Amino acid sequence: MMQLTKNLLAPKNILLAAISFSIIITIALLSPTGDVTETSIKNVDKVVHFGIHMCLVGFWLYYFYRRNLNEISNGLVAKVLVFIFLYGIIIEFLQTYLDFGRTGDVFDVIANTAGLIAGFIAFRIFQKRIL
């Protein structure tokens with residue numbers, strides 16, 4: 001069982017998970033909503049944006065952390081955070097200006113940024129206490 005856990009946490013498997021998650025959410029965020037039923041919870045999509053970006057940051061920081069033998073420089077952390085921040089803005093831009101049947105929202109960018117910050121804080125706490 002211990003070997004299985006070590007194999008699952010190998011950098012190549014974490015990279016595969018990070019890439020897969022990134023592709024899946026990109027497709028989901030750019031797909032037409034169609035006849036998605038409205039929920040009675042106001043702004044639930046902001047919670048989704050928050051969670052997506054928190055997970056994105058977690059996956060990518062953890063990958064680079066494991067790839068670099070359990071170390072990660074502040075410069076690399078900054079690059080990951082900037083890239084994911086820009087990714088969120090690009091998605092909103094594409095939703096607004098391309099015909100995907102979706103619209104971008106500045107409040108989505110705010111939720112994305114909050115999720116990014118929360119993901120960074122969670123990673124640092126996780127890194128200090130567990131890793």
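The following numbered points review a predicted model, taking its helices, core, rings and charged groups in turn.

1. **Helix α4.** This helix covers residues 74–97. It contains 24 residues, and the distance from its first C-alpha to its last is 34 Å, close to the 34 Å expected at 1.5 Å a residue. Its buried residues are Leu76, Val77, Val80, Leu81, Ile84, Tyr87, Gly88, Ile91, Glu92 and Gln95. Among the elements that cover these buried residues are α2 (11–30), α3 (44–67) and α5 (106–129).

2. **Leucine 86.** Not every position of helix α4 appears in that list of buried residues, and leucine 86, which is found in α4, is a case to examine. Is leucine 86 buried or partly exposed? Its relative accessibility is 42%, so leucine 86 counts as partly exposed. The student may also locate threonine 113, which lies 27 residues from leucine 86 along the chain; the C-alpha atoms of the two are 9.8 Å apart.

3. **The nonpolar core.** In soluble globular proteins, nonpolar side chains tend to be buried together. The largest nonpolar core of this model has 25 residues. Within that core, the residues with the most contacts are Leu56, Trp60, Leu61, Phe64, Ile72 and Ile84. Helices α2, α3, α4 and α5 each contribute at least two residues to the core. Which helix supplies the largest share? The answer is α3, with 9 residues.

4. **Phenylalanine 64.** This residue is one of those with the most contacts inside the core. When residues up to four places away in sequence are not counted, phenylalanine 64 touches Glu71, Ile72, Leu76 and Val80. Of these partners, Leu76 and Val80 also appear among the buried residues of α4.

5. **Aromatic rings.** The model holds 8 aromatic pairs. One of them is formed by tryptophan 60 and tyrosine 63: the ring centres are 6.2 Å apart and the planes stand at 90°, so the pair is edge-to-face. Both residues belong to helix α3, where they are 3 residues apart, about one turn of the helix. Tryptophan 60 and tyrosine 63 are both buried. Elsewhere, ring pairs link Tyr62, Tyr65, Phe123 and Phe126 into a cluster.

6. **Asparagine 112.** A polar residue can be examined in the same manner. Asparagine 112 lies in helix α5 and counts as buried because its relative accessibility is 4%. Which side chains does it meet in polar contacts? The side chain of asparagine 112 makes one such contact with the side chain of histidine 49, at 2.9 Å, and another with the side chain of histidine 53, at 3.3 Å. Leaving aside neighbours within four places in sequence, asparagine 112 is in contact with His49, His53, Gly88 and Glu92. Gly88 and Glu92 are listed among the buried residues of α4.

7. **The loop between α3 and α4.** Two residues here deserve attention for their backbone angles. Leucine 69 lies in this loop and has a phi near 55°, a positive value in a residue other than glycine. Asparagine 70 lies in the loop between α3 and α4 as well, and its phi is near 65°, again a positive value in a residue other than glycine. With a relative accessible area of 71%, leucine 69 is exposed, whereas asparagine 70, at 36%, is partly exposed.

8. **Salt bridges around lysine 46.** Side chains of opposite charge can pair when their charged atoms come close. The model holds 3 salt bridges. In one, aspartate 45 pairs with lysine 46, the closest N and O atoms being 2.8 Å apart. Aspartate 105 also forms a salt bridge with lysine 46, with its closest N and O atoms 2.8 Å apart. Aspartate 105 sits in the loop between α4 and α5 and lysine 46 in helix α3, so this pair ties together parts that are 59 residues apart in sequence. Aspartate 108 meets lysine 46 in a salt bridge of 2.8 Å, N to O. That pair links helix α5 with helix α3, across 62 residues. Through shared partners, the salt bridges join Asp45, Lys46, Asp105 and Asp108 into one network.

9. **Exposure within the network.** Which members of the network are buried, and which are partly exposed? Lysine 46 is buried, with a relative accessible area of 17%, and aspartate 108 is buried at 4%. Aspartate 45, at 32%, is partly exposed, and aspartate 105, at 24%, counts as partly exposed.

How values were computed: Residues are numbered from 1 along each chain as its sequence is written. This is a predicted model: local features need pLDDT of at least 70, side-chain atom pairs count only at pLDDT 80 or more; totals for chains, interfaces and linings use all residues. Side-chain values use heavy atoms; hydrogens and water are left out. Helices (H or I, at least four residues) and strands (E, at least two) are DSSP runs, numbered from the N terminus. Buried means under 20% relative accessible area, exposed over 50%, partly exposed in between (1.4 Å probe, protein chains only). The expected span of a helix is 1.5 Å times one less than its number of residues. Contact means heavy atoms within 4.5 Å. A nonpolar core is a set of buried Ala, Val, Leu, Ile, Met, Phe, Trp, Tyr and Cys residues joined through side-chain atoms within 4.5 Å. Rings of Phe, Tyr and Trp (its six-membered ring) pair if their centres lie within 6.5 Å; planes under 30 degrees apart count as stacked, over 60 as edge-to-face and the rest as tilted. A polar contact is a pair of N or O atoms within 3.5 Å; within protein, one must be able to donate a hydrogen and the other to accept it, and residues adjacent in sequence count only if both atoms are side-chain atoms. A salt bridge is a side-chain nitrogen of Lys or Arg within 4 Å of a carboxyl oxygen of Asp or Glu.
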